[in-house]
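This briefing sets out the overall make-up of one protein model and then turns to a pair of its helices. Please keep the structure in view while reading.

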Amino acid sequence: RSAAAGVLVALGTALAGTLVCWLAYGSHAGWTCFVILAPVGLMTVLVVERFLVVRSRVGGVRRQVAVGGAIVVGQLLLAAGLFVALMTHSAPDALFTAVLALYAGIVGAWSARMITRGVLGDIDELRFGLRAVAAGQRDVRIATGGGDELALVARDIEGLSASLQREENSRATLEGARRELLAAISHDVRTPLTSLRLLSAALSDDIVDGPARKEYVS
């Protein structure tokens, strides 16, 4: 489904560019525009689909973002090069187009890197927070740089940490109450048992005799 959507986007954009060139410079310019844009777009879709298949073997998110940026910049430079070769008839126009494409590619790659750096930094913060919770830390605070979905995940992790803290406190309170109850029961049971043990020893040693002995024995 994603491949079909990509093909539709590539062809639809190519047709839109073709219509603009057709209206501005005639049928030859429009056809040339389509011949350039459609193959480049379809090739980009195929490269992206292949990348999605092998994405797990590429590595971390940073490497995946770098590959994605290279695909974007590469198709831009390829399209610009074809425009220069097929539609530009003067050397100054060709040079200006090439410089513009190169400039847009470099600045675009830098912009994408700076934007993704913040996102990847937030992901690292989430990882550190989860490790802290797993290590037993309960007062976890995760600082994210935006109010996006990653920030919501950070708040969920903080809420999980607080919930675990409350559960541990409740468990400790329950354990303390259990120990106090056992101590009280042991004390209450120990006193009559001690009395019975002493009485039994007294009877065995004939310390208690006479009427008192008959009373206890009965």
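Helices and strands are taken here as DSSP runs, with at least four residues for a helix (H or I) and at least two for a strand (E), numbered from the N terminus. On that basis the secondary structure of this predicted model comes to seven helices and zero strands, and the order along the sequence is α-α-α-α-α-α-α.

**The protein as a whole**

- Of the 218 residues in the protein, 22% are buried.
- The protein exposes about 15300 Å², and 67% of that area is supplied by carbon and sulfur atoms.
- Among the contacts with a separation of 6 or more, 52% come from residues 24 or more positions apart.

**How α2 and α4 are arranged**

- Helix α2 spans residues 27-53 and helix α4 spans residues 61-87, and their axes come within 10 Å while crossing at roughly 160°.
- Angles over 145 degrees count as roughly antiparallel, and α2 and α4 are therefore roughly antiparallel to each other.
- The crossing that α2 makes with α4 is right-handed.

**Which residues make the contact**

- From α2, the contact is made by Ala29, Thr32, Cys33, Ile36, Leu37, Val40, Met43, Thr44, Val47, Val48 and Phe51.
- From α4, the contact is made by Gln64, Val67, Ile71, Gln75, Leu78, Ala79, Leu82, Phe83, Leu86 and Met87.
- Sorted by class, the contact of α2 with α4 has 17 nonpolar residues and four polar residues, with no charged residues.

Conventions: Residues are numbered from 1 along each chain as its sequence is written. This is a predicted model: local features need pLDDT of at least 70, side-chain atom pairs count only at pLDDT 80 or more; totals for chains, interfaces and linings use all residues. Side-chain values use heavy atoms; hydrogens and water are left out. Axes are lines fitted to C-alpha atoms, for helices over the stretch in contact, and angles run from 0 to 180 degrees between N-to-C directions. Angles under 35 degrees count as roughly parallel, over 145 as roughly antiparallel, 65 to 115 as roughly perpendicular and the rest as oblique. A crossing is left-handed if the near helix is turned anticlockwise from the far one by less than a right angle, and right-handed if clockwise. Contact means heavy atoms within 4.5 Å. Ala, Val, Leu, Ile, Met, Phe, Trp, Tyr, Cys and Pro count as nonpolar, Asp, Glu, Lys and Arg as charged, and the others, Gly among them, as polar. Buried means under 20% relative accessible area, exposed over 50%, partly exposed in between (1.4 Å probe, protein chains only). Accessible areas come from the Shrake-Rupley method with a 1.4 Å probe; for residues, only the protein chains shown count as cover.
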